[in-house]
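Hi,

Here is the structure I said I'd pass on. Have a look at it first, and then read my notes underneath.

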Amino acid sequence: MRSDLVGLKPYGAPHLDVPVQLNVNENAYPIPDVVVESMRSAVDGHFAGLNRYPDREFEELREHLVTYLHGVNDRARQTVELSSDMIWAANGSNEVLSHIVQAFGGPGRTVLGFTPSYSMHPLITTGTGATWRSSARKDDFTLDAETVGDEVAETDPDIVFLCTPNNPTGTSIGLDVIEAAYDNCSGIVIVDEAYAEFSRPAQASAMTLLAGRPRLVVSRTMSKAFACAGLRLGYAIAAPELIDVLRLVRLPYHLSEITQVLACTALEHADVLLENVDRLIDSRDRISEHLSNAGFTIYPSDSNFVLFGNISSPQELWQKLLDRGILIRDIGITHHARVNAGTEEETTAFLAAVDEILAGDPSILLASN
């Protein structure tokens with residue numbers, strides 16, 4: 001075993017069979033029947049051809065992603081020139097990020113992130129033999145352009161990770177922060193936008209900065225807003241020359257025929273699949289307001305989850321909720337926990353459980369606000 005992996009823990013939240021699962025930021029709503037039927041029909045036509053390898057360049061999927069992203073940018077009144085050779089896709093955004101770090105990281109290279117943030121970023125980094133360096137966010141978990149620019153300039157990393165909306169805090173960053181990171185290093189700048197569809201009002205995407213910035217990569221996923229976590233499809237947008245490098249590190253035929261077909265079908269039904277986004281945003285905002293009124297510290301969230309603090313013992317709160325059939329996430333930030341937005345019924349159950357716990361044990365709150 002490699003010495004640098006000794007003592008590390010694998011990524012993963014507890015996977016427990018309970019009625020209300022609000023711990024891994026999944027879309028709580030199942031895929032609508034009309035989309036399920038379209039997926040079943042689309043896949044049926046491909047079973048006989050599974051003796052052949054899939055399209056390793058996933059050309060049709062690329063075109064579908066470009067069409068979807070044009071719609072995203074049009075609705076946000078953003079002008080972004082996109083083409084299929086600017087698109088990369090893989091089995092979830094984690095594999096996309098892994099490809100990028102494999103291509104531009106590795107032994108002797110440095111990757112910088114601003115923590116707390118997505119815990120897979122350092123794991124992907126160290127898995128390639130690169131050195132992970134972290135810089136702490138402000139007390140409210142925000143980032144500003146000056147701080148980021150100075151830290152990037154001092155570290156001079158080969159890769160910078162920026163996450164917006166940030167997991168696990170839900171906070172977003174401005175385009176000026178991304179520009180500051182890019183302008184102060186000669187390395188790759190990755191902007192992880194896994195939760196971008198949940199920003200209301202919509203935050204400007206880093207896609208708007210791609211023109212003239214060949215070292216910038218924007219990563220997204222179909223796991224969250226599209227309710228396709230089980231499909232495992234993530235994608236990146238970047239300059240064609242950067243995308244071309246990723247071919248050197250991907251495994252042969254890494255996207256199965258079935259994955260490509262199902263992803264294309266989901267994208268054809270994007271409007272239907274995204275109908276529940278506003279319902280999840282309503283649940284998110286309802287959770288934020290209720291927990292704030294109950295005495296917890298709340299951070300503004302542009303994602304489908306809420307980070308809340310002022311908890312005397314996150315582990316104790318986690319267990320008390322689990323005893324009531326509700327699973328949230330103890331994310332390892334002192335006196336904080338995270339819960340993702342659920343269906344209206346799931347959200348009601350979670351909030352009622354919190355009220356019941358507080359009524360029986362007010363000391364769950366660290367202090368009164």
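Below is what turned up, going from the domains to the cavity.

Bear in mind that this is a predicted model. The domain assignment splits the protein chain in two: domain 1 is made of 11-29 + 275-364, while domain 2 takes 33-271. Their C-alpha centres sit 26 Å apart, and the contact draws on 23 residues from domain 1 and 26 residues from domain 2. Between them they bury about 1900 Å², with carbon and sulfur atoms giving 60% of that area. If you want to zoom in on the domain 1 side, go to Tyr11, Val277 and Asp302: these lose the most area to domain 2, and together they make up 32% of what that side buries.

There is also a UniProt annotation, from an unreviewed entry, that reads "domain: Aminotransferase class I/classII large" and covers residues 20-353. Over that stretch the chain is 39% helix and 16% strand, and the C-alpha atoms at its two ends are 11 Å apart.

Now for the empty space. How many cavities of 30 Å³ or more does the structure hold? Just one, and it contains about 50 Å³ of space. Two or more lining residues come from each of β3 (110-115), α4 (120-127) and β5 (159-163). By class, the lining has seven nonpolar, four polar and one charged residues. Among the residues to display there are Phe114, Tyr118, His121, Trp132, Arg137, Phe161 and Cys163.

Cheers

Conventions. Residues are numbered from 1 along each chain as its sequence is written. This is a predicted model: local features need pLDDT of at least 70, side-chain atom pairs count only at pLDDT 80 or more; totals for chains, interfaces and linings use all residues. Side-chain values use heavy atoms; hydrogens and water are left out. On a 1 Å grid over the protein atoms alone, a cavity is a set of points where a 1.4 Å probe fits but cannot get out, and a pocket is an open set with protein on both sides within 12 Å along at least five of seven lines; lining residues have an atom within 4 Å of a point. Grid points are joined across faces, edges and corners, and a volume is the space filled by probe spheres set on the points. Helices (H or I, at least four residues) and strands (E, at least two) are DSSP runs, numbered from the N terminus. Ala, Val, Leu, Ile, Met, Phe, Trp, Tyr, Cys and Pro count as nonpolar, Asp, Glu, Lys and Arg as charged, and the others, Gly among them, as polar. UniProt positions are given in the numbering used here, feature names are shortened, and annotations may be inferred rather than shown by experiment. Domain bounds come from an automatic or database domain assignment. Contact means heavy atoms within 4.5 Å. Buried area is the accessible area (1.4 Å probe) that two parts lose on being put together, summed over both.
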